Amino acid sequence: MSSQNEEQVVVFQLNDQTYGIDIVSVREIIRMEEITKIPGAPDFMEGIIKLRGGVIPVIDLCRRFGLISGERTSQSRIIIVQVNNTTFGMIVDAVQEVLRIPSSSIEPPPPMAGGVNVSYLKGVALLEERLIILLDHNKILYDSEQEELQQLEKELNK
Amino acid sequence: MFSDIEIGVFLDELEEKLQVINDNLLILENEPDNQDVLNEIFRAAHTIKGSSGVMGYEKMASLTHNIENLFDMIRQGKLTVTTEMINVLFEALDTLNLLKKEVTGESVDVDISDILNKISGCMGGELCSADSSAKAQNEAAAAVESPAAGSERRQVLDDNVLAVVREAQAGGLKAYQIAVTLAEDTQMKSVRAFLVFEILQQMGEVISSNPPADELQQGSFDLGFEVVLLTKESTEKVQSALMNVAEVDKVEIRPVTPAEEAENAAGHQWQILDDNVLNVIREAEVRGFQAYQVAVILDEGTQMKSVRAFLVFETLQQMGEVIKSTPPAEELQEGNFDRGFEVVLLTQEDQDKIQNTIMSIAEVNRVELRPVSTLQTPNGQAKTKVGAKTAAPAAKKSAGAGKEQPAVKTAKTVRVDVQKLDNLMNLVGELVIDRTRLNRFAEIFEDKYGSDELVESINEIANHLGQVTGDLQEQIMKARMLPIAQIFNRFPRMVRDTAQKLGKEIDFIVEGKETELDRNVIEVIGDPLIHLIRNSIDHGIEPPEERERLGKPRVGKLHLKASYHESHIVITISDDGRGIDADKLRQKAVEKGLYDRESASRLTDREALELIFKAGFSTAKEVSDLSGRGVGMDVVRTAIEQINGMVELHTEVGVGTTFTIRLPLTLAIIRSLMVTLGEQVYAFPLSNVSETLRINAGEIRRVGNNEVIVVRERILPLLRLSERFGMGSSEGENLFVVVIASAEKRVAVVVDKLLGEQEIVIKSLGEYLGEVPGLSGATILGDGRVALIIDSRSIIKDAGMCEEA
């Protein structure tokens, strides 16, 4: 019953902001490892790593969101996410904890949250004075070219 | 109604039987009198009829029923095999294949009326003119169809019945077990059964019936039923009374003696062995074998009885020879039996061992053994006498069953999703990496602590782990393999049809069907092979008259062969036809404007022959509907190269042509040349690497905007991989160059360093990345790093475009 009224999220740090992603989509969290670059792949595509004998793509979440990519530290992790049969990794600055967030404290995202385009976001949760930005895992990989176009437009307008 | 598993089993069996029919029809065409072949087809058709009927595929059952009838007539010598008939039968086979697709949902609403007409056309005259043959046919069909009514399948009477029988016998009544079989096409079976009951009740008292009386009244029984009657009348009287009922085909009566039955009820109702079987046993005894009658009873509610029966058969075959089975082996295979069956086994093993071995099979409830010796007359003369009346058809049947044993040799298999095997393979890959890491740790320990016992142990464990993972990897690879028979089996029929159409006579020889290769390869290779074979028949082999004129044997030879060659499979298709004339190809090339006369004449024979692989190039004098349209050989080559294979041809004018196809055993593992570029490792599949060179930066020349190098007087475009991929590199004065080739095109690729050859397991880059230009996948190296696999063909293509530009 309670699960209907709250969501379990993996909370991680990205560019000094706190983000959360639905735990259901997270397969595992691994330490940084050597990433093989793919020539000709998009900029946010960091490369591929091996996982359970297969290879999966890894994206730099910062760059995916159009933020400046931080330094890799000993705290950096790769969160392995599975969405619709696609498994991929996303690099985050640090993974903090798993939280249960009451649905009541989740609010729709404000038009602009932490510089991240809202289409990636599911909502924002305010929990004991902490602001957690909840990602929509379905939209991390596939949004549309539109997204990129908007980004481009913005840059041109600067 | 039926589970996917059951349908799967049915389809497997169907496929196997269709193949049997196909193969035997081909033989039959050449040997129309071969009884074995006729029997094989008959049995296969019968099996399909049985199982498709059970599964409710009416059309299939009806079609096979007709095929069966036709063959029955042929067997009895009422019809002779004609080419026309074979054609009809092949057509029927095609229809069956369509019906099979209907089961899988690949096709719908297959119409069988046309083919049914054609089949009845084949036997039409016979059916009308000879009533007797129709009747004989009915009888034969009835005998086959209702084993339940046969003497072999008598019900074991239970204690209650026996008690009543005993009482009645004390009261001076006789007890008979009566098996009634109705004619095959009986309408209103329930009414007939009712009539039979009426008559029996007039003569005495029916105390037991199987199936139960109420089921009989509803007509829910096959063709036969069995009752126990208490009466004062003689067997003859009962028999004739029952035979008077219309549509009663057969009545078998056996007196019941409670003493005997009691023994049987406690134990097993042993079959009476007929003379044929006894003869075989006698011979075997001379050779030092002991014969046993083995009765196997399965657990109640056993799933897939046929599989259990098959396992029991397998097991028994390992211990000796099964010479008879009741019900017959094919019925067992279809699962057409109750819970028990009985076989006669010739073996040198002792009784306990047989018993224990069979008991170890899952879901076997009970096994009973009884030694049979021909020295003492088996089974009590009295019984044999009574059974004499019915023994004759039984003998015929069991002789057939004895012969059938080899046919039970279906492959023992489970169906596994390939995805599961892939996952297993991935996990093994993980293990291999861990093994490598373990080795490294062992080394570190050795450095730190010297080689003491513990370090030794670690080394030992690491080595063992290495061996086991290696074996594991190999076994899983093998599990993905299928015999090439899967596609080869399709060809004899195709060759026959094609040859017939073109009026050619061809002796088609297939070798190496058992050669195994990866199922992915099998899927790809089918069409190219079909094409090459058709080409050979169409263009290669001459018409019979021409061959005779040339002093060649009238019948052309077409030889298809598969064999292993190192880590490759080599498939050759050779014909003894007219060969390919290089001069004609040169001429054609000029006509098509591919070369001018001079440069065409300078082409070597080999180069000229290569022309046939060019798109739009055909030398056939006229285009037939089979081949010669010039789309084909290039497709063949592309398909084969796609799976890292090669195709070559050797030809001699007037003597014949041989196509040789080399294929990798598997698509999952390739030999590669490993190179580095910057920090990363890349793999070039060896099948595309023609050589490696070390050149000086000064050797690079420029043609227009492009860099080239000259290797043995041949100009090769030079491509810097670092530029192509936009990656960092550490190129110096000395450059390492990998020359890659595909279809006569060569490109020299500059890399940083050559690491050597290695076998790598190909991993897809995954859906999300999709196709990355220039890359065909990735692989995991021994140290856990990921290396990218270069797609040589796309690189060559790109370079080719630059060159032309």
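This passage describes chain A as a whole and then two places in chain B. The model is predicted, so local features need pLDDT of at least 70 and side-chain atom pairs count only at pLDDT 80 or more, while totals for chains, interfaces and linings use all residues. Residues are numbered from 1 along each chain as its sequence is written, chains are lettered from A and ligands numbered from 1 in the order in which they are written, and side-chain values use heavy atoms, leaving out hydrogens and water.

Chain A holds four helices and 13 strands (DSSP runs numbered from the N terminus: H or I of at least four residues for helices, E of at least two for strands). Of its 158 residues, 48% are buried (under 20% relative accessible area, with exposed over 50% and partly exposed in between, using a 1.4 Å probe and protein chains only). Among chain A contacts (heavy atoms within 4.5 Å) between residues at least 6 apart in sequence, 58% join residues at least 24 apart.

Turning to chain B, Phe441(B) lies in helix H17, which spans residues 418–449. Phe441(B) counts as partly exposed because its relative accessibility is 45%.

A second place to look is Glu691(B), in strand S18 (residues 689–696) of chain B. Glu691(B) has a relative accessible area of 18%, so this residue is buried. Its side chain makes a polar contact with the side chain of Arg712(B) at 2.8 Å (a pair of N or O atoms within 3.5 Å; within protein, one must be able to donate a hydrogen and the other to accept it, and residues adjacent in sequence count only if both atoms are side-chain atoms). Leaving aside neighbours within four places in sequence, Glu691(B) is also in contact with residues including Val711(B), Val738(B) and Arg746(B).
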